Amino acid sequence: QIKVESLDEKGNIVKGPYTVMIHVEDINDNPPEFDQVEYTGVVRQNSRPGKPFLYVHATDRDDPATPHAQLTYNILHHFPNPYTEMLFQIDNVTGAISLSKMGSHYLDPQKQDTFTLVVTAKDMAGMTMNAFTSSTDVIITVKESLWKAPPTIHIQENSTQVHPVNISQVRSNEPDVIYDLLQREKLPRFPFSIDGNGVIYVTEPLDREEKDSYTFFAVTKDNKGDLVDKPLHIHVTVEDINDNPPVCQQALTVIEVQENEGGGSNIGRLIATDMDKEGTLNSRLQFKIESQVPAIPTNNLFFIQQDTGILQLTGPSLKKRIASTYSLKVLVTDAVFQTICDVQIHVIDINDRIPIFEKSDYHNVTVAESVPVGTLLLEIQATDEDEPDTGSSYIIYQVKEGDPNNTFIIETDPETNRGFVKINKALDFETAPVYNLVINATNPEPLVPGVQYNSSSLTLFKVFVTNVDEPPVFHKTVYNKQVSEDIPVNTLIMTVEAYDPEGDTVRIYKIVLKEIQGKCAQYLACRKIFFYKVSSSSRRWRCGGVVANNAAQKSKTTLTLHLNDVNDNPPQLSMDNPPFFCYPLRGGERAFIQATDVDENCCHSTFTFSLADDMNTRNNWQISKVNATHAYLSPKHANLEEKVYTVPVIINDNGKPPLETRVNLEVNICKCSSEESCF
């Protein structure tokens, strides 16, 4: 601002003064200047993407009220750059440098711990090619992440320490976070906690026999409750101590020993358990015989292996006439505890007597061939002089001769050794009118050497079978036939034949589809199966089986008609919700669509997906096949408006003949919430 006035020759003011304002307009003649020649910063591995760890700052001497001094920051290069995407990012307004998602995931100081970024500052808000650009180097050091899962934590069970007890600690890369523990499995009582410094505590004594390990997650949250770091797996193993005594598996272990068992024979095993950790000294058990009652003929008839609990005889065979039962007290110990287990040894008689029948011939019985299976024909009796209620005296009756098809069965009453001869299979006069049976009696326990079964263990019995009028018999129990589901009425399906066991003539039925009464269909997998029955009088179809008449006798069989599918249902889209894309489009989006078909080939359908042949649809959308039943629908470009589009989709199946469906699929392009859903 200057003042101007005019003077005469004498210096007097003629005019003025006048104020003249001169405005100097700024031009962009100053480049940006960083306030440091070089910047250095430190970032932790796996730090949260987008959280600044360093700021760069530049100034411009041009007029700050003009674009000449408005600066924009960018990362021009970073060295090295082992990936296709940048590991670092910068806020182009504030100059805040942070990790990108790629950097948060892949940065590893073991592989590369130093990076150099070339950061530029451009004036004119970066909007013109004539803007000035300055650059600076930013040296970044990558340090190992503090947020790491600790090694497996080992805690001794039943600790007597005052709880809670510090067992480990985790540290976040971020300050001012809230630490928390999340259970992997829902426990009635969760015995762990974490404080504000990431110190993990066990809050009460643990019992390995109740639960030998725990797995849970340590997490960090911000003040809004959102997760900051990836959850860490925390593994806790509960170490065993010897706090459980041996336990006898049975209150009384009973062992049977035959009289003829020799010295050194294994006669049985005493089993005991210990709930302490298997395979450790805490659960190692040792056995010792403390006493034997009675102590005859000596007090050391038995020996027990120290580490296995196997019992053995020490001397000659036992004699039942001397003692029929021995009682042992066995001491079972681990390193700390001991338990007494009771063992009872029964000396059993050897099988030196054979069963002897009270009769050598039970003569005969006459029965009709129609007698039902299970009918009792005869009671027989043999006796055995060996010790009662043992395998040496129990009697097994069998038909030794005369019954090649096992038509008869003999059951034994275990209390009396009485035998009951019963019918096991249906009798048939035409096949076998008479049976000459030879029955033997044996023991489940083998006979001792030198003793053999003889004729005293055999008896005879004859069965006469009388004829009765039997119903006709179909050649098959079930008839199966496959036809197409569009089979015409009056089509011959099959011929069913039956015969009479007595040789009488039986009609032959030709089954023709006349009328279906009611809906007799059900879907099994992908096949339709119908069940039918026809009577000889009405020849009408109904659910059931084919009937053959023969005088007073009647028989019935089942016809299963399998209907082969015809491709008569077009394919359909199968989607719970219509597809949507988040606005604005970024490119590369795609939606998953699925087709189904209710025809028989549903299990192996192949569909072809295409778009209707109109210009607007083909310019905006494209469809690509994923597999036989699925395809991707995706926009062709990112310029679609925010609205609901109707996309005509054509689906063809692979049936014979193939069928086609046109579906107008509504696709919503909408603004999305943070959960990637329309709002």
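**Exercise 1. Find the partner of Cys582 and describe the bond they make.**

Step 1: Look for the sulfur. Cys582 forms a disulfide with Cys672, and their sulfur atoms sit 2.0 Å apart. (A disulfide here is a pair of cysteine sulfur atoms within 2.5 Å.) In general, a disulfide is a covalent bond between the sulfur atoms of two cysteines.

Step 2: Check what you're looking at. This is a predicted model, where local features need pLDDT of at least 70 and side-chain atom pairs count only at pLDDT 80 or more, while totals for chains, interfaces and linings use all residues. Residues are numbered from 1 along each chain as its sequence is written, and side-chain values use heavy atoms, with hydrogens and water left out.

Step 3: Get the handedness. The torsion about the S-S bond of Cys582 and Cys672 is about -100°, so this disulfide is left-handed.

Step 4: Place the two ends. The pair ties together distant parts of the chain, 90 residues apart: Cys582 is in strand β47 (residues 580-582), and Cys672 is in the segment after β53 (660-670). (Strands, E, of at least two residues and helices, H or I, of at least four are DSSP runs, numbered from the N terminus.)

Step 5: Buried or exposed? Cys582 and Cys672 are both buried. (Buried means under 20% relative accessible area, exposed over 50%, partly exposed in between, with a 1.4 Å probe and protein chains only.)

**Exercise 2. Work through the disulfide of Cys248 in the same way.**

Step 1: The partner is Cys341, with the sulfur atoms 1.9 Å apart.

Step 2: Now trace the chain: Cys248 belongs to strand β19 (residues 247-248) and Cys341 to strand β27 (residues 338-348), so to speak distant parts of the chain, 93 residues apart.

Step 3: With a torsion of about -100° around the S-S bond of Cys248 and Cys341, the disulfide comes out left-handed.

Step 4: Cys248 and Cys341 are both buried.

**Exercise 3. How many disulfides does the structure hold, and how accessible are the cysteines of the one that joins Cys670 to Cys678?**

Step 1: The count is 3 disulfides.

Step 2: Cys670 and Cys678 are joined with an S to S distance of 1.7 Å.

Step 3: The torsion about their S-S bond is about -60°, so the disulfide of Cys670 and Cys678 is left-handed.

Step 4: Now compare the accessibilities with the cut-offs. Cys670 has 6% relative accessibility, so Cys670 counts as buried. Cys678 has 32% relative accessibility, so Cys678 counts as partly exposed.
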